[in-house]
Structures are given as structure tokens and as C-alpha cells.
Amino acid sequence: MAFEGNGGEMIPPRREIPHYHGDEVRVLFFVSAIVLIVARSTGADLPLSTFGTVVSAVLLVIVAGITNPAQYWIHFANASIAIVGALLFGTTAIYHYRAGESLLHPSFVYVEALAILSLMALYFTTRTIRGINQRNNLI
């Protein structure tokens, strides 16, 4: 499989790239974008405005589409986005819980799901960055 047209750099299939988890991050970001739009559409209390929610969803989808094993910088962008999501939605979920909101309240469920998705994306992105660093040091 060629990258960048004829004569481009060859990229091995995913199973041959040790510690590459970009595919998992891509799915987590895409699911997070869907959860954001559904949560805002159903009236959930998110820490973002409607415009901010849509922009965030679009950003997540774009970054998910760009993620690939050949571009090292995108994994740092993924990590940054995952950190912001974990902090934003994690603190909001804790705030909702401490305010006495029911664990089954839709706002809490959506925000908690987004915090967990962000933490999972951060974990897989960190493993990808670690794997790329190890691979470069071994060559």
C-alpha cells in the first residue's frame, strides 16, 4: 500500500505497526463527536455552548480523519484534544455528581461518557506516542 501516490513511502498494514493505536483513537473521537451532537440535541447540560459543541464535534471528526501512522505530529494533537476533553468533561461530571444530580440523569450520563471516552483516547494516544518513540530509538 503506497502513501502519497506512486513511489511514495510504503506503510505496513496496521497489524505490523507495534504500539500503533491510532485506529482506536479515531473511533473514540468519532463516537465522542456523535455523543456531543446527540447530547446537545436532547438538551443535556454540557460545559459548551451550542456553537462550541458543533465546532468541537467537527474538530474531533477532522482530527480522526487525519490520524495516521505516518504523521507523528497528529498524535500530539490527539493527546492535546484528549487532555482538554478529559479535564473539561471530567470536572463537569464531578460537579454534576456533587450537586446531587442523579446518576441516571441524561446530562450526567452524557458528560460522564464524554469524560471516559476522552480518557480512553488519551490512553491510546499516549501508547501510540510511546511506541513511536521506542521504535525510533531502536532503529
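In which helix is the place of A115? In this predicted model, A115 is placed in helix α4, and the paragraphs below set that residue within the wider arrangement of the chain.

The protein contains four helices and zero strands, and its elements follow one another from the N terminus in the order α-α-α-α. Of its 139 residues, 37% count as buried. Among the contacts in the protein with a separation of 6 or more, 62% are accounted for by residues 24 or more positions apart. The accessible surface amounts to about 8100 Å², and 68% of this surface belongs to carbon and sulfur atoms.

Helix α3 spans residues 73–98. With 26 residues, α3 reaches 38 Å from its first C-alpha to its last, which is close to the 38 Å expected at 1.5 Å a residue. The buried residues of α3 are I74, H75, N78, A79, A82, G85, A86, F89, G90, T92, A93 and H96. Just after this helix, G100 adopts a positive phi of about 90°.

L87 also has its place in helix α3, but it counts as exposed because its relative accessibility is 55%, and the term applies to values over 50%. The C-alpha atoms of L87 and A115 are separated by 7.7 Å, although the two residues stand 28 residues apart along the chain. A115, in helix α4, counts as buried because its relative accessibility of 7% falls under 20%. When residues up to four places away in sequence are not counted, A115 touches F89 and G90, both of which are listed among the buried residues of α3. A further C-alpha separation, between A115 and V84, is 9.8 Å, with their positions 31 residues apart along the chain.

The largest nonpolar core has 25 residues, and those with the most contacts inside it are F29, L36, L46, F89 and L114. Helices α1 (22–41), α2 (50–66), α3 and α4 each supply at least two residues of this core. For F29, leaving aside neighbours within four places in sequence, the residues in contact are L60, V63, A64, N78, I81, A82 and A121. One of these partners, N78, has its place in helix α3. N78 is buried, since its relative accessible area is 1%, under the 20% limit. Residues up to four places away in sequence again not being counted, N78 touches V25, F29, V63, T67 and T125.

Aromatic rings provide another set of links. A pair of such rings is described by the distance of the centres and the angle of the planes. The count in this structure comes to three aromatic pairs. In one of them, the rings of Y97 and F108 have their centres 6.4 Å apart and their planes at 40°, so the pair is tilted, this angle being neither under 30 degrees nor over 60. The pair links distant parts of the chain, with Y97 in helix α3 and F108 in helix α4 (residues 106–138), 11 residues apart. F108 is buried, with a relative accessible area of 9%. Y123 and F124 form an aromatic pair that is edge-to-face, with 5.2 Å from centre to centre and 65° between the planes. Y123 counts as partly exposed because its relative accessibility is 46%, which lies between the 20% and 50% limits.

Charged side chains were examined as well. Side chains of opposite charge can pair when their charged atoms come close. The structure holds one salt bridge, formed by D23 with R26, whose closest N and O atoms are 2.6 Å apart. Both D23 and R26 lie in helix α1, where they are three residues apart, about one turn of the helix. D23 counts as partly exposed at 25% relative accessibility, and R26 is likewise partly exposed, with a relative accessible area of 25%.

Note on methods:
Residues numbered from 1 in each chain as written. Predicted model: local features only at pLDDT ≥ 70, side-chain atom pairs only at ≥ 80, totals over all residues. Heavy atoms only, no water. Buried < 20%, exposed > 50% of the residue type's maximum accessible area, 1.4 Å probe, protein only. Phe/Tyr/Trp six-rings, centres within 6.5 Å; stacked < 30°, edge-to-face > 60°. Expected span 1.5 Å × (residues − 1). Core = buried A, V, L, I, M, F, W, Y, C linked by side-chain atoms within 4.5 Å. Contact = heavy atoms within 4.5 Å. Salt bridge = Lys/Arg side-chain N within 4 Å of Asp/Glu carboxyl O. Areas by Shrake-Rupley, 256 points an atom, 1.4 Å probe, with all protein chains shown as cover.
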